[in-house]
Amino acid sequence: MTRTTETITPELHSYLVAHSAPVDDVLADLVEETERRFPDFRGMQIGPEQGAFMTLLAQASGARDIVEVGTFTGYSSLCLARALPADGTLLACDISEEWTSVARRYWERAGVADRITLTLGPALETLRALPEEPRFDLAFLDADKTGYIGYWEELVPRMRPGGLLLADNTLSHGRVVDPSNTDEAVQGIRDFNDRLVADDRVTQVLLPIGDGLTLARKHGTALT
Ligand SMILES: C[S@@+](CC[C@H](N)C(=O)[O-])C[C@H]1O[C@@H](n2cnc3c(N)ncnc32)[C@H](O)[C@@H]1O
């Protein structure tokens with residue numbers, strides 16, 4: 001019996017992807033277009049197993065209203081929007097018209113564009129402009145890492161009781177445990193991770209999926 005998580009070698013990674021929900025043609029084409037057009041940024045996209053996990057989580061939790069901070073070319077938003085019921089909503093926040101114009105095309109192709117509202121502009125302003133009332137069932141944080149705490153503080157009051165919050169890159173490619181690394185994005189993630197541990201509004205777990213995916217649940221009972 002092991003008490004630690006397996007080290008994921010490239011072979012094990014291929015194996016776990018092959019034994020998770022398959023990547024369909026829409027997602028595969030989106031990956032291909034992102035790699036071809038934005039090769040320097042392709043690492044920003046979440047991986048296939050993380051997408052499968054997020055779809056399953058959104059489905060299993062019965063999420064109807066989702067917010068995403070950091071959309072890029074749309075992979076994660078597609079995975080989440082596909083889990084929504086026909087009258088569900090996803091608010092997508094980003095600052096890039098160029099990247100999100102790709103996302104829009106794939107939302108159309110996947111038949112989920114009618115559920116998604118894209119707001120372009122600094123996400124902190126977008127979130128602050130929302131009524132401060134519990135309206136979201138699920139939130140996904142994946143934008144600038146130094147902004148995570150600010151996004152978190154705007155999001156938690158707007159989550160319904162029992163709502164789920166996901167935050168990406170919370171292992172920062174292992175750099176969180178390298179004290180010699182003083183990069184501000186890495187420090188932003190360390191500060192965020194520490195803040196969550198001290199936040200008694202949620203219960204959380206840092207999962208070793210992709211580059212670290214924190215899953216938190218806001219206390220309280222969902223009203224359904
Ligand atoms: C890691 S990428 C998101 C990847 C996306 N979730 C996916 O699966 O493809 C980060 C995104 O955050 C956006 N971003 C960066 N700073 C932002 C800000 N202040 N407000 C809103 N979006 C921001 C970038 O434009 C970029 O598209």
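**Exercise 1. Determine whether aspartate 87 is buried, partly exposed or exposed, and describe the salt bridge that it forms with arginine 64.**

Solution. Aspartate 87 has a relative accessibility of 53% and therefore counts as exposed, given that buried means under 20% relative accessible area, exposed over 50% and partly exposed in between, with a 1.4 Å probe and protein chains only. Its partner, arginine 64, counts as partly exposed at 39%. The closest N and O atoms of the two residues are 2.5 Å apart, which fits the definition of a salt bridge as a side-chain nitrogen of Lys or Arg within 4 Å of a carboxyl oxygen of Asp or Glu. Arginine 64 sits in the loop between α3 (48-61) and β1 (65-69), and aspartate 87 in the loop between α4 and β2, so that the pair links distant parts of the chain, 23 residues apart; here helices (H or I, at least four residues) and strands (E, at least two) are DSSP runs, numbered from the N terminus.

The model is a predicted one, in which local features need pLDDT of at least 70 and side-chain atom pairs count only at pLDDT 80 or more, while totals for chains, interfaces and linings use all residues. Residues are numbered from 1 along each chain as its sequence is written, and side-chain values use heavy atoms, with hydrogens and water left out.

**Exercise 2. Locate the salt bridge between arginine 82 and aspartate 24, and state how exposed each partner is.**

Solution. The structure holds 15 salt bridges, and one of them joins the side chains of arginine 82 and aspartate 24 at 2.6 Å, N to O. This pair, too, links distant parts of the chain, since arginine 82 belongs to the loop between α4 (75-81) and β2 (89-94) and aspartate 24 to the loop between α1 (10-18) and α2 (25-37), 58 residues apart. Arginine 82 is partly exposed at 28% relative accessibility, and aspartate 24 is likewise partly exposed, with a relative accessible area of 28%.

**Exercise 3. Work out which parts of the chain are tied together by arginine 201 and glutamate 153, and which residues join them in a network.**

Solution. The side chains of arginine 201 and glutamate 153 meet in a salt bridge of 3.2 Å, N to O. Because arginine 201 lies in the loop between α8 (184-197) and β6 (202-207) and glutamate 153 in helix α7 (residues 148-155), the pair ties together parts that are 48 residues apart in sequence. Arginine 201 is partly exposed at 29%, as is glutamate 153 at 28%. Salt bridges that share partners then join Glu153, Arg195, Asp199 and Arg201 into one network.

**Exercise 4. Describe how α5 begins, which of its residues are buried, and what follows it.**

Solution. Begin with serine 96, which is found in the loop between β2 and α5 (97-110) and counts as buried at 14% relative accessibility. Serine 96 caps the N-terminal end of α5, a side-chain oxygen lying 3.4 Å from the backbone nitrogen of glutamate 98, and its side chain also reaches the backbone nitrogen of tryptophan 99 at 2.9 Å.

Turn next to the helix itself, where Trp99, Thr100, Val102, Ala103, Tyr106 and Trp107 are buried. These residues cover an arc of only 145° around the axis, taken from the directions from the helix axis to the C-beta atoms, which puts them on the same side of α5. The buried residues pack against α2, α4, β2 and β3 (116-120), where contact means heavy atoms within 4.5 Å.

Finally, just after α5, glycine 111 takes a positive phi of about 75°.

Note on methods. A polar contact is a pair of N or O atoms within 3.5 Å; within protein, one must be able to donate a hydrogen and the other to accept it, and residues adjacent in sequence count only if both atoms are side-chain atoms.
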